[in-house]
Amino acid sequence: SKSKPIKCCILDCSESTCTHRTAPPGSILPCRFFSCKEGTKVPSKRKQNTSRVTSDLLHKNLLKSEQENWNDISPTYKAVTKRIKGKLEELLNMYTRNSGSPRMRFGENVYFEENGCIFLAKADDDEGNADILFSIEDLGFSDAFIQRIRISPDQSYMAISLKSENSEEATCIIMKLGNFPVVEKVIPSVFSFEWAANDVLYYTTQKNLKCQNVFMTTFTYQKHTKLVYTEQDARFFVDLYCTKDRRFLTINSNSKTTSEVWLVDCTHPFESPALVQARTPGVFYHIEHRKEQLYILTTYGEPAEYKAILTDNYIHRINLDTYCSGKDNWQLVYALEKKTKLVDFEMFSDDCIMFLKNAGHLYLNVISFVSHLVQSIQLPTWACEFELESHLEHTTSTCYFQLSSPVHPPKRFAYSFKENNLIEQAVQEVPIITNCHTTRLLAKSKDETLVPITVFHNKNSKELHRRPLLVHVYGAYGIDLNMSFKEEKLMLIEEGWILAYCHVRGGGEQGLSWHRDGCQRNKLKGLHDLRACIMLLHELGFSQPKHTALAAASAGGVLAGALCNTDPALIRAVVLQAPFVDVLNTMMKTHLPLTIEEQEEWGNPLEDEICMKYIKSYCPYQNIKPQCYPSVFITAYENDERTPLTGILQYVQKLRKAALDHASRKSKKGNWIPNIILDVQANGSHCDSSWEHSLNEV
């Protein structure tokens, strides 16, 4: 009765529990936080083995020590944990009951997933009747969840990817549909996949967090599988996407700063892919197609933000290379305004819809290909996140999406192209919080850049300076702070907390330039932004340092950990989930799976001494010193392939020693010693945890 329904991700889901957001077709999923490495000199085997044994022994000793510490200290929090867990289960059951699974409509058929079962219903069935096609338990994957679903154009086959919480790699299962669906093929270690034709599937394989090979497999007549593309550059990651009209399958090779796209003509899926535009350093582009023309979303040209480009070539199968004649044939259709973030876009037969973010507000722009007009519609002011629903038929006249905020559960909206208006959909009634106030602020950073902050608090709260404040930060990879609905955030608001989200540089809240201003040798700007945000909150009467906590996950741990070193008096407690806290040592180890790829975000300290000194100036682990630190609670995972557990163990040991050294020097009566706690989870991974484990972590 307390199982949370697991929803399938029709789009490429990432909130992955890192961050749930949709991305432009062909873009890198946000759950890929660090990088992949090759090409280092290998020391002699004897030295290597000795070093590895010593390292493994140190790791085991540190892990055992922290596990013993956790076992000693966790009973202290038993009562408060029980109370919070009970309240959260109430809220989870309340909101989960009222949330439906995404639907995929194919003509008269509708497919959806609930509780690990795939259902088929008729679109015109108002009584809610549906047939179970199969369940993942029947397939022998009872401990997995569905990550992605793709249905072949004639609905003969369905491909699904299944993933467990303890692994980054997914298994793709191809089902032959019919009265009695049967397993046609099982492919291990698959990342993305798309149907190029009724019985032709393209897929990428994943190894050590890298996707570099694309394969094609067929299921009728001459069944065979062959390699069609290999990426040679370790900085690039390959995924697949089908254009909305299903005319082309795109092979997208992306680094952190650059992209390249190859096209597969779905009317001739066995022909070799054609290159659209050779990769140009610093230029991203993504491809869509409509009525024999390519539409390209690209950062090419000034300013280096996204623009919609139309090619002036028409398709002729015999001469597909006309598409590949390069940027000289590109014509500007639409350009984003300054400091505007393109969150997502969707192509329809006569319109293109863009979801944008500017100064913290969400709005959509509808570009008509018929009238050539752009209609701009601001979405409700409370909205912070949106999720685009799957529209498998590009001829549809309505675009459906959901809006939410950390304290507002998802609400379904529809935009009608015919009526040219926004409609709030009538859904099963859910309790909506009405006494939460949303405030948007701008903090002036060290260089006078204005940094957005989004604040939530209970309207009935008095004396806000006495209320506890929870500050959130990320600031890396051009990824926005995750501001989707979370039951625990609603609980905190009800209990009088203030929630603040600091949209610092390094993230993507104000476009690609916002990211560039906070990566590599600009990383300290993100730290200055965070400091300015917290100071402004306190100045305006939102809590005070002794009641302020800071929360961050993954790469957000860099700024949170750096602030603990530079301004520990600003905060009383820090909560970190799978944090990246040792940038320097990690970026020096090219054998780790993500280092080479991450050089575009952090720099390459192995070849650049200035870069090494710069990283050392802010790296949380490198700058720990004896002083009065805030209390720190860290959750880490034994199976985390992205943030090595050894680095977190060493960080905790060093931090605890520094705090104790400071306390012993200042041996006043009643001197406060911070709690520094590490909870190492045996289950779960960097991006995925089961509902039960997620609840325990919260």
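**Exercises on strand β31 and its neighbours**

Strands β30 (residues 469-472) and β31 run parallel and are joined by four bridges; strands count as paired if DSSP finds at least two bridges between them. Helices (H or I, at least four residues) and strands (E, at least two) are DSSP runs, numbered from the N terminus. This is a predicted model, in which local features need pLDDT of at least 70, side-chain atom pairs count only at pLDDT 80 or more, and totals for chains, interfaces and linings use all residues. Residues are numbered from 1 along each chain as its sequence is written, and side-chain values use heavy atoms, with hydrogens and water left out.

**Exercise 1.** Place β31 among its partner strands.

Solution.
- Start with β30: L469 stands opposite I498 in β31.
- Turn to β29 (residues 450-458): four bridges join β29 to β31, and the two run antiparallel.
- In β31, A500 has V455 opposite.
- Add the connection: β30, helix α3 (residues 487-494) and β31 form a right-handed β-α-β unit. Right-handed means that, with the strands pointing away from the viewer, the path from the first strand over the helix to the second runs clockwise.

**Exercise 2.** Determine which residues of β31 are buried on each side.

Solution.
- Fix the term: buried means under 20% relative accessible area (1.4 Å probe, protein chains only).
- In a regular strand the side chains alternate between the two faces of the sheet.
- One side of β31 holds I498, A500 and C502, the other L499 and Y501, and all are buried.
- Check the count: five of the five residues in β31 (residues 498-502) are buried.

Notes
Buried < 20%, exposed > 50% of the residue type's maximum accessible area, 1.4 Å probe, protein only.
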